[in-house]
Amino acid sequence: MILRVAAKLSRFASVGAWAVVISLCAGTSSGAAQKDAVDFGAQVRPIISAKCFHCHGPDEGSRKAKLRLDLRDEALKERKGGIFPIKPGSPEQSEMIRRISSSDPEEVMPPSKESHAVTSSEIALLKKWIQQGAPYETHWAFKKPEQPALPKVKSKRWAKNAIDSFILAKIEAAKLKPSPPAERATLIRRLALDLTGLPPTPAEVEAFVKDKSPNAYEKVIDRLLASPAYGERWARMWMDIARYADSAGYGSDPLRLGIWPYREWVIKAFNRNMPFDQFTTEQLAGDLLENSTEEQRTATAFHRNTMTNTEGGTDDEEWRVAAVKDRANITAQAWMGLTMGCAQCHTHKFDPITHKEYYQFYAFFNQTEDDDKGDEHPTLPLPTKAEREKIQGLNKQISDLEKKIEGVSPELLTEFSAWEKIHGHSNAWTILDPIEFKATTNAVVLKKLSDQSVLASGEAPGKDTYTIKLHSATEFSAIRLETLTDESLPKNGPGRSKKGAFVLNNFRVTFKPDKDAATNRVIALKNPTATYSEKKYDIALAIDDKADKKSGWSIDGGQGREQSAVFETAEKLPPGTLTVELAQDFGMKNTIGRFRISVAALPAPVVAIPSEISSILTSEARSEEGKQKLVTWFQQYAVSTKKLREQINSLKKDVEGVQPVAVPVMTELPKDKFRTTHILSKGSYLSPADEVTPGIPAAFNAWPKNAPMNRLGVAKWVMSPENPLTARVMANRFWAQIFGVGIVETEEDFGTQGSLPSHPELLDWLAVDLRDHGWDVKRFLKTVVMSATYQQSSRLTPELLQKDPRNRLLARAPRRRLDAEVVRDQALSVSGLLSHKLGGPSVYPPQPDGLWRAAFNGQRTYATSTGEDRYRRGIYTIWRRTVPYPSMATFDAPSRESCTFRRLPTNTPLQAYVTLNDPVYVEAAQALGRRLVQEGGATIEERIRFGLRLALSRQATKEETAALVDLFKSELTRYQANEKDALDLATKPLGPLPKGLNAPEAAAWTVIGNVLLNLDGVLMKG
């Protein structure tokens, strides 16, 4: 196969950067009046930001000598002894110049230990700037973009739209000329890959080449923008930003298989050309919209892509806080290009974001229900049409049966009267006096109180078992566990967790009768009931004998008040000694704080009676309303309604058996449960400082009028026409997807440490165009690809290589390697294997064996997909953060453990190894070889030419054809001499050969297919 001012104000302290928060970028400065004016944003700010700002910037925590150089008034202020850090018009009297020019190691700034001295050319530039008055300007990106006038150019006829005027002006200034237009075949391939991520078919190429109509190119653009593949291609970009993955991350990295509806929402949003402001609002706050739909709530999964850590011993609050920080950081960076996360431990050292402002912004995201739980709560079930119809039918049957139960029959009233006479008095239960009690954890102290309850104190462990011995002097048929409140417990208990909750994993009772010398025997318990159970932690789980720490009774949500559980015994028991074990193994201090044991000899049903019902039951004067409430409550336990309840429970199990995908979503807490937000000292959740309320950094646009102070308000603020950053950031991001590099190369950082824009006026024009045309993304992309700039040839001339090696002037079209998913998708497309199925759950395409065995949890089996799922587009591939799909990771696809704004391409031998040997590409080569035989014609030459046209979207040259013909013949000869190897290469893993194709010939064509898929022209765009 072919390869292919120090402590004293007279001395400045160490400075990491004199970068100025408020500075002006290249090309957008109003400039000094004189012809040779120094541009502060383009020339001065990069020097002082890189050299000095760390110690003389906005961060008061690291600021030295009380000197700020980010504010002009502070930098120019006279200091003790008549010293001026900067004196406009007088470099020789500016202490800054003296210090950066000094050869004295005790005085030079930055200190020599910092290893980034100011160079002589930089010193000269700073002197010139000060001589010109040391003007400061607002940082270019922090000013609202305005529509600039088109620059004057010489070659006016070249420009097809406004974009070209800005590009051409720079090209002409560099004394260069634009490249000629690309050939039509090249252009349609480039366009198809950019807009849909898939290559054009030979028929599409031929049709475009032959179409001589003046709008032929525009028709192709419109067709591609209307293709379902368009949404899949552009959703891929957003998946990196959304840090989408099918797993929860961190060490155990459990699978998160319900998240894929969010990916589908993004694909549909792009295909529908949802306006970007709506796209933003629904993702940040779809749940807060009035009468929000399922789709809008699904969109909020954008911020449920944060990682969760449910490993044993972890603190849920620590990782919940980490997720909230991630949401604040990504919101600011994804939409505004602000590295806001730098302010979570201290005031931002370069941009105008204080430590306090960070946590004010964080506060907007601190009121959601999710709290690092393994069940991903809250989730939104999304049943299919069939599932929805089945659930509706079952619920109708349940409703009909419940109406029957609600009817008060004579049998029910008779049963209720008998039950009431026995249970309707306060001495129905006998409280047992603990004889012995102990905890398995030595640090826990159990103390008996005067009411025969037991109170736990000392260190609260995550795991403990209480053992209590008690004696019953009477016979009994039920046991009651009361969990009681106490002032010594968090939130008054009855649990010992921070929230006052507990989880009882197992309730076990052994018994020894007084008149029997036999050893203790385990008591069978049945019909458990409780006054309150957290959803999915029902009281029945306390007697299921499972060792699973997630299986137990929890009262989370009902803490702060007494809760009881009642268990009937399988038989009436005589007087004797009970040994009760309360096993608690949930972790995070979820143990019981105070409890009491009682027994009773009562006829069934014996149930846990809520305090409200108990007070009515034992009251002497009972209203008619109270009696009705009692009867209604009793209905759910009555023997006369048992059969109906059993039918209802059976139907409910059938409903539970329908398990639609449940996507994790954002849900705001009720206002009475809002968390208090504090500044976290050094970012630690264990070090809360001053309380803060929601707010935004003061340096940017004001809060929109009448916007709510929640995530919905954040979305309105981010997308406000007054916001200086969002339109620029998004226009730049879309541009980068087309041209490979953004106008601002640092897509993730538009702050003072970010790159300067190569074409600042063009960026502002694009930003305003996107913003003022309704955030229409398809329109924007069409404008870009309709430009003459985009349609240029990518041929690199010696002159262009010398004058513009990185192609920042765009005097030619870029030529770059395809993204990871496109490399794979193209191979499947060219081979004819690609499935065009849209949406659905993630799939498991072939990968080398054994990789998932490295996972830390039980999910270690990689179930390779079969059928068309094996050949789905890369966007649907299962994305496990700790074990990412290897071939795409080799081509620089991120793990998505964190947000990725731009993929930095590499070029390694491993990439060639993948496309030559990975099972996906071997199978694609086999399929392509068979396709050449079936569709390519009768002769070797015809098939080779067809293959080159499939792979390169252009006609083959004679030289290319001849080389591959020779290769085919030599490989055929080799495999005719070794049919076993031929059969292996031709059929594994694709399968048996079609009729009429022998193994040596198929193997030789597989080699040709492999070569075609590894050509530079195939793996590159340009």
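These are my notes on one pocket, one set of paired strands and one helix crossing.

**Ground rules.** I am working with a predicted model, where local features need pLDDT of at least 70, side-chain atom pairs count only at pLDDT 80 or more, and totals for chains, interfaces and linings use all residues. Residues are numbered from 1 along each chain as its sequence is written, and side-chain values use heavy atoms, with hydrogens and water left out.

**Pocket.** I looked up the second largest pocket (an open set of points on a 1 Å grid over the protein atoms alone, where a 1.4 Å probe fits, with protein on both sides within 12 Å along at least five of seven lines). Its volume, the space filled by probe spheres set on the points, which are joined across faces, edges and corners, is about 1,400 Å³. I found 34 lining residues, meaning those with an atom within 4 Å of a point. P528, Q636, Y637, R645 and N649 lie nearest the centre. Helix α19 gives the largest share, 8 residues; helices here are DSSP runs of H or I, at least four residues, and strands are runs of E, at least two, numbered from the N terminus.

**Strands.** Next I followed β14 (576–584), which pairs antiparallel with β6 (464–472) over 9 bridges; pairing takes at least two DSSP bridges. D464 has Q584 as its bridge partner in β14. Strand β9 (506–513) also runs antiparallel to β14, joined by 8 bridges, and there F511 partners L578.

**Helices.** Last, I checked α28 (919–935) and α32 (999–1013), whose axes lie 7 Å apart at an angle of about 115 degrees. The axes are lines fitted to C-alpha atoms over the stretch in contact, and angles run from 0 to 180 degrees between N-to-C directions. The two helices, α28 and α32, are therefore roughly perpendicular (65 to 115 degrees).

Methods: Angles under 35 degrees count as roughly parallel, over 145 as roughly antiparallel, 65 to 115 as roughly perpendicular and the rest as oblique.
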